[in-house]
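Colleague: Got a minute to go through this one with me? I'd like to talk about the helix packing and any odd backbone spots.

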Amino acid sequence: MNDATFRIIPTDPEGLVNAAALLRSGGLVSFPTETVYGLGADARDDTAVARIFEAKGRPSFNPLIVHLASLEDAEKLCVFNDASRVLATAFWPGALTLVLPLRPDAGISKLVTAGLDTLAVRLPDHPVAQGLLRAFEGPIAAPSANPSGRISPTTATHVVDGLKLKINGLIDGGPCQVGLESTIVSCVDRPSLLRAGGISAEALEACLGAPLTRGADPETPSAPGQLASHYAPLGTVRLNAIEAKKDEFLLGFGPVEAVLNLSPSGDLTEAAARLFECLHQLDAMGAAKIAVSPVPDHGLGRAINDRLRRAAAPR
Ligand code: TXA
Ligand code: MG
(Lines give C-alpha, C1' and ligand atoms only; values in the text may rest on other atoms or scores of the structure.)
(Ligands and ions follow the chains in the order given, each with its own letter.)
Protein backbone atom coordinates (compact mmCIF):
# COMPACT_ATOMS: atom_id res chain seq x y z
CA MET A 1 0.00 0.00 0.00
CA ASN A 2 1.62 3.24 -1.10
CA ASP A 3 -1.16 5.76 -1.30
CA ALA A 4 -1.47 7.49 2.03
CA THR A 5 -5.12 8.51 1.88
CA PHE A 6 -5.62 9.48 5.46
CA ARG A 7 -8.69 8.66 7.49
CA ILE A 8 -9.76 8.97 11.08
CA ILE A 9 -10.98 5.61 12.29
CA PRO A 10 -13.56 5.27 15.07
CA THR A 11 -12.83 3.10 18.11
CA ASP A 12 -15.89 0.86 17.68
CA PRO A 13 -15.48 -2.83 16.71
CA GLU A 14 -16.07 -2.07 13.01
CA GLY A 15 -13.41 0.64 13.12
CA LEU A 16 -10.90 -1.73 14.69
CA VAL A 17 -11.63 -4.41 12.07
CA ASN A 18 -11.04 -1.80 9.34
CA ALA A 19 -7.82 -0.63 11.00
CA ALA A 20 -6.61 -4.23 11.21
CA ALA A 21 -7.37 -4.67 7.50
CA LEU A 22 -5.32 -1.55 6.72
CA LEU A 23 -2.39 -3.01 8.66
CA ARG A 24 -2.79 -6.34 6.89
CA SER A 25 -2.54 -4.63 3.50
CA GLY A 26 0.76 -3.02 4.50
CA GLY A 27 -0.65 0.30 5.69
CA LEU A 28 0.39 2.56 8.56
CA VAL A 29 -2.14 3.13 11.33
CA SER A 30 -1.58 5.35 14.35
CA PHE A 31 -3.28 4.15 17.51
CA PRO A 32 -3.49 5.26 21.14
CA THR A 33 -1.66 3.46 23.92
CA GLU A 34 -1.59 4.43 27.58
CA THR A 35 1.89 5.98 27.08
CA VAL A 36 1.86 7.83 23.75
CA TYR A 37 0.30 7.34 20.31
CA GLY A 38 2.10 4.66 18.29
CA LEU A 39 2.66 4.52 14.54
CA GLY A 40 1.79 0.91 13.76
CA ALA A 41 2.68 -1.47 10.97
CA ASP A 42 2.67 -5.25 10.56
CA ALA A 43 5.95 -6.26 12.27
CA ARG A 44 6.39 -9.15 9.78
CA ASP A 45 6.17 -6.95 6.67
CA ASP A 46 9.53 -5.41 5.64
CA THR A 47 7.97 -2.86 3.32
CA ALA A 48 5.35 -1.71 5.81
CA VAL A 49 8.05 -1.32 8.48
CA ALA A 50 10.26 0.60 6.06
CA ARG A 51 7.34 3.00 5.57
CA ILE A 52 7.37 3.74 9.32
CA PHE A 53 10.92 5.09 9.02
CA GLU A 54 9.97 6.94 5.86
CA ALA A 55 6.93 8.55 7.50
CA LYS A 56 8.89 9.58 10.59
CA GLY A 57 11.81 10.84 8.50
CA ARG A 58 14.13 8.96 10.85
CA PRO A 59 17.73 9.50 9.79
CA SER A 60 18.75 6.14 11.26
CA PHE A 61 17.20 2.74 11.84
CA ASN A 62 16.52 2.57 15.55
CA PRO A 63 15.00 -0.79 16.44
CA LEU A 64 11.25 -0.68 17.11
CA ILE A 65 8.99 -1.96 19.89
CA VAL A 66 6.59 -4.76 18.98
CA HIS A 67 3.14 -4.59 20.57
CA LEU A 68 1.30 -7.79 21.41
CA ALA A 69 -2.04 -8.92 22.81
CA SER A 70 -0.83 -11.48 25.36
CA LEU A 71 2.15 -12.84 27.26
CA GLU A 72 1.60 -16.07 25.37
CA ASP A 73 2.12 -14.22 22.07
CA ALA A 74 5.31 -12.66 23.49
CA GLU A 75 6.63 -16.09 24.50
CA LYS A 76 6.22 -17.23 20.89
CA LEU A 77 8.55 -14.47 19.69
CA CYS A 78 11.06 -14.18 22.56
CA VAL A 79 12.82 -16.24 25.18
CA PHE A 80 11.83 -15.30 28.74
CA ASN A 81 13.91 -16.00 31.84
CA ASP A 82 12.80 -15.82 35.49
CA ALA A 83 13.32 -12.06 35.82
CA SER A 84 11.50 -11.17 32.61
CA ARG A 85 8.60 -13.44 33.51
CA VAL A 86 8.33 -11.85 36.94
CA LEU A 87 8.32 -8.34 35.43
CA ALA A 88 5.87 -9.24 32.65
CA THR A 89 3.47 -10.86 35.10
CA ALA A 90 3.59 -7.87 37.44
CA PHE A 91 3.49 -4.98 34.95
CA TRP A 92 1.75 -6.20 31.78
CA PRO A 93 -0.37 -4.87 30.33
CA GLY A 94 1.45 -1.61 31.04
CA ALA A 95 4.18 0.91 30.32
CA LEU A 96 7.03 -1.59 30.45
CA THR A 97 8.98 -2.74 27.40
CA LEU A 98 11.18 -5.82 27.74
CA VAL A 99 14.17 -6.44 25.47
CA LEU A 100 14.58 -10.19 25.16
CA PRO A 101 16.40 -12.75 23.00
CA LEU A 102 14.50 -13.12 19.72
CA ARG A 103 13.50 -16.60 18.62
CA PRO A 104 15.11 -17.25 15.22
CA ASP A 105 11.84 -18.48 13.72
CA ALA A 106 9.75 -15.56 15.07
CA GLY A 107 9.12 -14.16 11.58
CA ILE A 108 9.73 -10.55 12.64
CA SER A 109 11.12 -8.19 9.97
CA LYS A 110 14.85 -7.58 10.41
CA LEU A 111 14.10 -3.90 10.02
CA VAL A 112 12.14 -4.01 13.29
CA THR A 113 15.16 -5.31 15.22
CA ALA A 114 17.69 -3.37 13.09
CA GLY A 115 19.24 -6.76 12.50
CA LEU A 116 19.82 -7.42 16.24
CA ASP A 117 19.09 -10.80 17.78
CA THR A 118 16.97 -9.21 20.49
CA LEU A 119 13.42 -7.87 20.35
CA ALA A 120 11.65 -5.17 22.37
CA VAL A 121 8.08 -6.23 23.28
CA ARG A 122 5.22 -4.84 25.29
CA LEU A 123 1.52 -5.32 25.99
CA PRO A 124 -0.17 -1.91 26.01
CA ASP A 125 -2.70 -1.13 28.73
CA HIS A 126 -5.25 0.63 26.55
CA PRO A 127 -8.59 -0.82 25.41
CA VAL A 128 -8.22 0.56 21.87
CA ALA A 129 -4.67 -0.78 21.44
CA GLN A 130 -5.77 -4.12 22.83
CA GLY A 131 -8.84 -4.21 20.60
CA LEU A 132 -6.69 -3.46 17.55
CA LEU A 133 -4.17 -6.18 18.49
CA ARG A 134 -6.98 -8.71 18.91
CA ALA A 135 -8.57 -7.74 15.59
CA PHE A 136 -5.20 -7.85 13.80
CA GLU A 137 -4.14 -11.15 15.41
CA GLY A 138 -0.45 -10.41 14.92
CA PRO A 139 2.54 -8.37 16.11
CA ILE A 140 2.36 -4.61 15.56
CA ALA A 141 5.64 -2.67 15.36
CA ALA A 142 5.13 0.88 16.58
CA PRO A 143 7.45 3.72 17.48
CA SER A 144 5.95 6.90 18.87
CA ALA A 145 3.85 8.57 16.14
CA ASN A 146 5.90 11.75 15.78
CA PRO A 147 8.20 12.98 13.04
CA SER A 148 11.82 12.25 13.96
CA GLY A 149 13.25 14.76 16.41
CA ARG A 150 9.85 16.05 17.50
CA ILE A 151 7.96 15.46 20.71
CA SER A 152 6.02 12.23 21.23
CA PRO A 153 2.27 12.63 20.57
CA THR A 154 -0.17 12.25 23.42
CA THR A 155 -3.31 13.31 21.55
CA ALA A 156 -4.77 12.48 18.15
CA THR A 157 -4.30 16.14 17.15
CA HIS A 158 -0.54 15.83 17.70
CA VAL A 159 -0.48 12.89 15.30
CA VAL A 160 -2.61 14.70 12.70
CA ASP A 161 -0.31 17.74 12.86
CA GLY A 162 2.86 15.71 12.48
CA LEU A 163 2.06 12.78 10.22
CA LYS A 164 -1.34 13.15 8.53
CA LEU A 165 0.09 13.27 5.02
CA LYS A 166 2.29 10.22 5.53
CA ILE A 167 -0.02 7.62 7.08
CA ASN A 168 -3.19 5.74 6.20
CA GLY A 169 -5.23 5.96 9.35
CA LEU A 170 -5.50 7.21 12.90
CA ILE A 171 -7.66 5.75 15.62
CA ASP A 172 -8.66 8.64 17.87
CA GLY A 173 -8.84 7.32 21.41
CA GLY A 174 -8.51 10.66 23.19
CA PRO A 175 -5.52 11.77 25.24
CA CYS A 176 -2.98 9.22 26.53
CA GLN A 177 -3.06 8.67 30.28
CA VAL A 178 0.64 8.16 30.98
CA GLY A 179 1.92 10.62 28.38
CA LEU A 180 5.47 9.37 28.69
CA GLU A 181 7.00 6.48 26.77
CA SER A 182 7.35 3.06 28.34
CA THR A 183 10.27 2.13 30.57
CA ILE A 184 12.65 -0.17 28.69
CA VAL A 185 14.38 -3.00 30.54
CA SER A 186 16.71 -5.46 28.88
CA CYS A 187 16.46 -8.99 30.29
CA VAL A 188 18.89 -10.50 27.83
CA ASP A 189 21.36 -10.64 30.69
CA ARG A 190 20.84 -9.28 34.21
CA PRO A 191 17.87 -6.87 34.17
CA SER A 192 19.18 -3.55 32.94
CA LEU A 193 17.40 -0.21 32.59
CA LEU A 194 17.74 1.08 29.01
CA ARG A 195 15.22 3.94 29.15
CA ALA A 196 13.41 5.57 32.02
CA GLY A 197 9.68 5.86 31.33
CA GLY A 198 6.13 5.39 32.53
CA ILE A 199 6.98 2.83 35.24
CA SER A 200 9.58 3.88 37.80
CA ALA A 201 12.83 2.02 38.24
CA GLU A 202 12.03 1.82 41.96
CA ALA A 203 8.78 -0.05 41.28
CA LEU A 204 10.63 -2.51 39.03
CA GLU A 205 13.42 -3.00 41.57
CA ALA A 206 10.89 -3.57 44.38
CA CYS A 207 9.27 -6.26 42.25
CA LEU A 208 12.58 -7.93 41.39
CA GLY A 209 13.98 -7.56 44.89
CA ALA A 210 17.27 -6.46 43.31
CA PRO A 211 18.70 -3.32 41.72
CA LEU A 212 18.55 -2.88 37.95
CA THR A 213 21.90 -2.40 36.26
CA ARG A 214 21.98 0.86 34.34
CA GLY A 215 22.60 0.31 30.65
CA ALA A 216 23.14 2.99 28.08
CA ASP A 217 20.01 5.01 27.31
CA PRO A 218 18.94 3.91 23.81
CA GLU A 219 17.96 7.52 23.01
CA THR A 220 21.51 8.81 23.47
CA PRO A 221 24.09 8.67 20.72
CA SER A 222 26.26 6.27 22.73
CA ALA A 223 23.75 3.45 22.36
CA PRO A 224 23.70 3.23 18.56
CA GLY A 225 27.52 3.31 18.83
CA GLN A 226 27.43 0.34 21.15
CA LEU A 227 25.01 -1.38 18.88
CA ALA A 228 27.23 -0.67 15.86
CA SER A 229 29.18 -3.88 16.29
CA HIS A 230 25.94 -5.88 16.24
CA TYR A 231 24.86 -4.03 13.13
CA ALA A 232 28.02 -4.79 11.19
CA PRO A 233 28.27 -7.67 8.73
CA LEU A 234 31.25 -10.01 9.07
CA GLY A 235 33.00 -8.67 5.97
CA THR A 236 34.55 -5.25 5.45
CA VAL A 237 32.38 -2.66 3.74
CA ARG A 238 33.38 -0.13 1.07
CA LEU A 239 30.80 2.58 0.33
CA ASN A 240 29.91 4.52 -2.82
CA ALA A 241 31.38 1.85 -5.04
CA ILE A 242 30.69 2.43 -8.73
CA GLU A 243 31.74 -1.14 -9.38
CA ALA A 244 33.12 -4.07 -7.38
CA LYS A 245 36.77 -5.10 -7.46
CA LYS A 246 37.54 -8.73 -8.31
CA ASP A 247 37.45 -9.97 -4.71
CA GLU A 248 34.41 -7.92 -3.62
CA PHE A 249 30.72 -8.79 -3.41
CA LEU A 250 28.68 -5.89 -4.78
CA LEU A 251 25.55 -4.89 -2.89
CA GLY A 252 23.85 -2.88 -5.59
CA PHE A 253 21.35 -0.08 -5.70
CA GLY A 254 19.65 0.85 -8.94
CA PRO A 255 20.37 -0.65 -12.39
CA VAL A 256 23.76 -2.24 -11.72
CA GLU A 257 24.89 -5.82 -12.01
CA ALA A 258 25.35 -7.05 -8.45
CA VAL A 259 25.41 -10.18 -6.31
CA LEU A 260 22.50 -8.72 -4.37
CA ASN A 261 20.57 -5.56 -5.12
CA LEU A 262 18.80 -3.40 -2.53
CA SER A 263 16.45 -2.14 -5.22
CA PRO A 264 17.13 -2.62 -8.93
CA SER A 265 14.58 0.12 -9.69
CA GLY A 266 16.22 2.56 -7.24
CA ASP A 267 13.28 2.64 -4.83
CA LEU A 268 14.48 3.79 -1.38
CA THR A 269 11.54 2.20 0.49
CA GLU A 270 12.30 -1.16 -1.09
CA ALA A 271 16.01 -0.69 -0.34
CA ALA A 272 15.31 0.05 3.32
CA ALA A 273 13.05 -2.97 3.57
CA ARG A 274 15.77 -5.23 2.15
CA LEU A 275 18.88 -3.74 3.80
CA PHE A 276 19.26 -5.93 6.88
CA GLU A 277 18.12 -9.03 5.03
CA CYS A 278 20.78 -8.42 2.32
CA LEU A 279 23.55 -7.90 4.92
CA HIS A 280 22.58 -11.17 6.59
CA GLN A 281 22.61 -12.91 3.21
CA LEU A 282 26.10 -11.54 2.49
CA ASP A 283 27.24 -13.02 5.82
CA ALA A 284 25.67 -16.34 4.85
CA MET A 285 27.54 -16.21 1.53
CA GLY A 286 30.80 -15.69 3.43
CA ALA A 287 31.41 -12.29 1.81
CA ALA A 288 34.75 -11.06 3.24
CA LYS A 289 34.74 -7.83 1.22
CA ILE A 290 31.54 -6.00 0.44
CA ALA A 291 31.24 -3.03 -1.91
CA VAL A 292 28.03 -0.99 -1.86
CA SER A 293 26.62 1.14 -4.68
CA PRO A 294 25.99 4.81 -3.89
CA VAL A 295 22.59 5.37 -2.29
CA PRO A 296 21.06 8.86 -2.66
CA ASP A 297 21.21 10.75 0.64
CA HIS A 298 17.61 11.94 0.88
CA GLY A 299 14.44 10.55 2.45
CA LEU A 300 14.96 6.97 3.61
CA GLY A 301 18.35 7.09 1.88
CA ARG A 302 19.68 9.04 4.88
CA ALA A 303 18.77 6.20 7.25
CA ILE A 304 20.20 3.63 4.83
CA ASN A 305 23.47 5.59 4.55
CA ASP A 306 23.66 6.06 8.32
CA ARG A 307 23.37 2.33 8.72
CA LEU A 308 25.89 1.63 5.96
CA ARG A 309 28.41 4.10 7.43
CA ARG A 310 28.19 2.22 10.75
CA ALA A 311 28.71 -1.05 8.91
CA ALA A 312 31.77 0.44 7.16
CA ALA A 313 33.26 2.07 10.27
CA PRO A 314 36.63 0.74 11.40
CA ARG A 315 36.25 -1.96 14.07
O1 TXA B 1 5.63 3.88 25.13
C2 TXA B 1 6.30 3.48 24.17
O3 TXA B 1 7.29 2.75 24.32
C4 TXA B 1 5.88 3.95 22.79
C5 TXA B 1 4.51 3.34 22.50
C6 TXA B 1 4.01 3.63 21.13
O7 TXA B 1 4.52 1.96 22.76
N8 TXA B 1 6.82 3.57 21.79
C9 TXA B 1 8.07 4.15 21.71
O10 TXA B 1 8.83 3.70 20.63
O11 TXA B 1 8.48 4.98 22.48
P12 TXA B 1 10.13 4.46 20.09
O13 TXA B 1 10.52 3.83 18.77
O14 TXA B 1 9.92 5.90 20.06
O15 TXA B 1 11.24 4.01 21.09
C16 TXA B 1 11.69 2.68 21.08
C17 TXA B 1 13.00 2.57 21.81
C18 TXA B 1 14.16 3.13 21.01
O19 TXA B 1 14.94 3.98 21.83
C20 TXA B 1 14.95 1.89 20.64
O21 TXA B 1 16.32 2.13 20.55
C22 TXA B 1 14.61 0.92 21.76
O23 TXA B 1 13.26 1.19 22.02
N24 TXA B 1 14.72 -0.48 21.33
C25 TXA B 1 13.89 -1.16 20.51
N26 TXA B 1 14.34 -2.41 20.32
C27 TXA B 1 15.46 -2.54 21.03
C28 TXA B 1 16.40 -3.58 21.23
N29 TXA B 1 16.25 -4.78 20.64
N30 TXA B 1 17.45 -3.34 22.05
C31 TXA B 1 17.61 -2.15 22.64
N32 TXA B 1 16.76 -1.09 22.49
C33 TXA B 1 15.71 -1.29 21.69
MG1 MG C 1 10.07 7.99 20.08
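Colleague: Let's start with Asn 240: buried or exposed?

Modeller: Exposed, since its relative accessibility is 52% and the cut-off for exposed is over 50%. Keep in mind that this is a predicted model.

Colleague: And where does Asn 240 sit?

Modeller: In the loop between strand S12 (236-238) and strand S13 (249-252). The backbone there is worth a look: phi of Asn 240 is near 50°, which is positive in a residue other than glycine.

Colleague: What about Ala 114, what's its phi?

Modeller: About 55°, so positive again, although Ala 114 is not a glycine. Ala 114 is in the loop between S5 and strand S6 (118-122).

Colleague: Is that one buried or exposed?

Modeller: Buried, because its relative accessible area is just 1% and buried means under 20%.

Colleague: OK, peptide bonds. What's going on from Trp 92 to Pro 93?

Modeller: That peptide bond is cis, with omega near -5°. Pro 93 belongs to the loop between H4 and strand S5 (96-101).

Colleague: How far is Pro 93 from Thr 183?

Modeller: 13 Å in space, C-alpha to C-alpha, with the two positions 90 residues apart in sequence terms. Thr 183 is in strand S9 (residues 183-186), and Thr 183 is buried, at 0% relative accessible area.

Colleague: Which residues does Thr 183 touch, leaving aside neighbours within four places in sequence?

Modeller: Its contacts include Ala 95, Leu 96 and Thr 97, and also Leu 193, Arg 195 and Leu 204.

Colleague: Switching to helices. At what angle do H4 and H7 pack?

Modeller: About 120°, with the axes 10 Å apart; H4 covers residues 82-91 and H7 covers residues 201-208. That angle makes H4 oblique to H7. The crossing is right-handed.

Colleague: Which residues meet there?

Modeller: From H4 you have Ala 83, Val 86, Leu 87, Ala 90 and Phe 91, and from H7 Ala 203, Leu 204, Cys 207 and Leu 208. By class the contact has nine nonpolar residues, no polar ones and no charged ones.

Colleague: How do H2 and H9 pack?

Modeller: Helix H2 (residues 46-56) and helix H9 (residues 268-284) are at about 115°, with axes 8 Å apart. So H2 and H9 are roughly perpendicular to each other. H2 passes H9 in a right-handed crossing.

Colleague: Who makes that contact?

Modeller: Asp 46, Thr 47, Ala 50, Arg 51 and Glu 54 on the H2 side, with Thr 269, Ala 272 and Ala 273 on the H9 side. The contact of H2 with H9 splits into three nonpolar, two polar and three charged residues.

Colleague: Tell me about Thr 269 itself, is it buried or exposed?

Modeller: Thr 269 counts as buried, at 11% relative accessibility. Not counting residues up to four places away in sequence, Thr 269 touches Thr 47, Ala 50, Arg 51, Glu 54 and Leu 300.

Colleague: Leu 300 is in H10, right at residues 300-312. What span should that helix have?

Modeller: The 13 residues of H10 should span 18 Å at 1.5 Å a residue, and the end C-alpha atoms are 18 Å apart, so the two agree.

Colleague: Which residues of H10 are buried?

Modeller: Leu 300, Gly 301, Ala 303, Ile 304, Asn 305, Asp 306, Arg 307, Leu 308 and Ala 311.

How values were computed. Residues are numbered from 1 along each chain as its sequence is written. Chains are lettered from A and ligands numbered from 1 in the order in which they are written. This is a predicted model: local features need pLDDT of at least 70, side-chain atom pairs count only at pLDDT 80 or more; totals for chains, interfaces and linings use all residues. Side-chain values use heavy atoms; hydrogens and water are left out. Axes are lines fitted to C-alpha atoms, for helices over the stretch in contact, and angles run from 0 to 180 degrees between N-to-C directions. Helices (H or I, at least four residues) and strands (E, at least two) are DSSP runs, numbered from the N terminus. Angles under 35 degrees count as roughly parallel, over 145 as roughly antiparallel, 65 to 115 as roughly perpendicular and the rest as oblique. A crossing is left-handed if the near helix is turned anticlockwise from the far one by less than a right angle, and right-handed if clockwise. Contact means heavy atoms within 4.5 Å. Ala, Val, Leu, Ile, Met, Phe, Trp, Tyr, Cys and Pro count as nonpolar, Asp, Glu, Lys and Arg as charged, and the others, Gly among them, as polar. The expected span of a helix is 1.5 Å times one less than its number of residues. Buried means under 20% relative accessible area, exposed over 50%, partly exposed in between (1.4 Å probe, protein chains only).
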